[in-house]
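Welcome, and thank you for opening the viewer. Please load the model, switch to a cartoon view, and keep the selection box at hand.

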Amino acid sequence: MKKIGTAVLLFLVLLACFPICGYAIEFDMDVVVVHSMNSVGTGFAISKDKIVTNQHVVSTTTTYTIETRDGGLYNGRLIASDEAKDLSLIEVLGGNLPTIPMTEDIPPLGTDVYAVGSPQGMGFTVSRGILSTTDRQLNGVHYI
């Protein structure tokens, strides 16, 4: 695995601190399923050929299969990873993915929020919750 450069690390840290644009994910937005050797997880595109996913999803290998909601399959390769933030950046080879816009705005407490994921390999699931805090820290990591 490559060592993370300062610019990439800063990008991943900023990404961890800024929520997805708006107050909820529109359910027709594209998320992807990331298949690695022994794991399955979810990611989202930040550019047409780069996705962000969790580091624990990609920690067992450096090449991946990326599955889109419409059934498209792409090869991916690890660009950078941050174990402490549990974030990884993957290049999607030949990808032309729709991106999810990001914002620095934090929704007010009590706002409905949605988690889109692939728990236990069940792709494209959605869970709904309520934003309960915007300032929780655990082991030096800031969570919303």
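Two strands count as paired if DSSP finds at least two bridges between them. With that in mind, select F44 and look across to β3, where its bridge partner is V52. F44 belongs to strand β2, residues 40–47, and V52 to strand β3, residues 50–53; four bridges join these antiparallel strands.

**Stop 1: the whole chain**

Zoom out, and remember that this is a predicted model. Colour it by pLDDT: the chain averages 77, and 75% of the residues score at least 70. Now select residues 1–27, where the pLDDT is below 50. In the model this stretch has 53 contacts beyond near neighbours in sequence.

Next, colour by secondary structure. The chain holds two helices and ten strands, and reading along the sequence gives the pattern α-β-β-β-α-β-β-β-β-β-β-β. Of its 144 residues, 33% count as buried. If you display the surface, the accessible area comes to about 8400 Å², with 53% of it belonging to carbon and sulfur atoms. Among contacts between residues at least 6 apart in sequence, 56% join residues at least 24 apart.

**Stop 2: the barrel**

In what order do the six strands close into a barrel? Follow β1-β2-β3-β6-β5-β4 around, and you will find that the pairing is antiparallel. From one strand to the next, the twist averages 40°. As background, strands of a sheet pair through backbone hydrogen bonds, either parallel or antiparallel.

Now select β6, residues 87–93. Why is β6 described as largely enclosed by the rest of the structure? Six of its seven residues are buried, so the rest of the structure largely encloses this strand.

Look at the partners of β6 one at a time. On β3, four bridges make an antiparallel pairing with β6; pick K50 and you will find its bridge partner, E91, in β6. On β5, seven bridges join the strand to β6, again in the antiparallel sense. Here N75 is a good residue to click, as its bridge partner in β6 is L93.

**Stop 3: two turns with a positive phi**

Stay with β5 and β6, which form a hairpin with four residues between the strands. Select D86 in the loop between them. Its phi is near 55°, a positive value in a residue other than glycine. Most residues other than glycine have a negative phi. With a relative accessible area of 22%, D86 is partly exposed.

For another example, go to N139, in the loop between β9 (136–138) and β10 (141–143). N139 also has a positive phi, of about 55°, although it is not a glycine. Is N139 buried or exposed? Its relative accessibility is 75%, so N139 counts as exposed.

**Stop 4: inside the cores**

Show side chains for V32, V34, A45, I51, V57, V58, Y64, I66, L78, I90, V92 and L97: these twelve residues make up the largest nonpolar core. Which elements give two or more residues to this core? They are β1 (32–35), α2 (55–58), β4 (63–68) and β6. Apart from this core lies another, of six residues, among them V31, F44, L87 and I100. You have met F44 before, as the β2 residue bridged to V52. In soluble globular proteins, nonpolar side chains tend to be buried together.

Centre the view on V58. Leaving aside neighbours within four places in sequence, V58 is in contact with V34, T53, Y64, L78, S88 and I90.

**Stop 5: two loop residues**

Select T61, in the loop between α2 and β4. Its relative accessibility is 16%; the cut-off for buried is under 20%, so T61 counts as buried. Beyond its neighbours within four places in sequence, T61 is in contact with S36 and M37.

Finish at D30, in the loop between α1 (6–17) and β1. D30 is partly exposed, with a relative accessible area of 32%. Which residues does D30 touch, not counting those up to four places away in sequence? They are R69, P98 and I100. Draw a line from D30 to R69: the two are 39 residues apart in sequence and 6.6 Å apart in space, C-alpha to C-alpha. As for I100, you saw it in the six-residue core.

Methods: Residues numbered from 1 in each chain as written. Predicted model: local features only at pLDDT ≥ 70, side-chain atom pairs only at ≥ 80, totals over all residues. Heavy atoms only, no water. Buried < 20%, exposed > 50% of the residue type's maximum accessible area, 1.4 Å probe, protein only. Contact = heavy atoms within 4.5 Å. Areas by Shrake-Rupley, 256 points an atom, 1.4 Å probe, with all protein chains shown as cover. Axes fitted to C-alpha atoms, helices over the stretch in contact; angles between N-to-C directions. Core = buried A, V, L, I, M, F, W, Y, C linked by side-chain atoms within 4.5 Å. pLDDT = per-residue confidence, 0-100.
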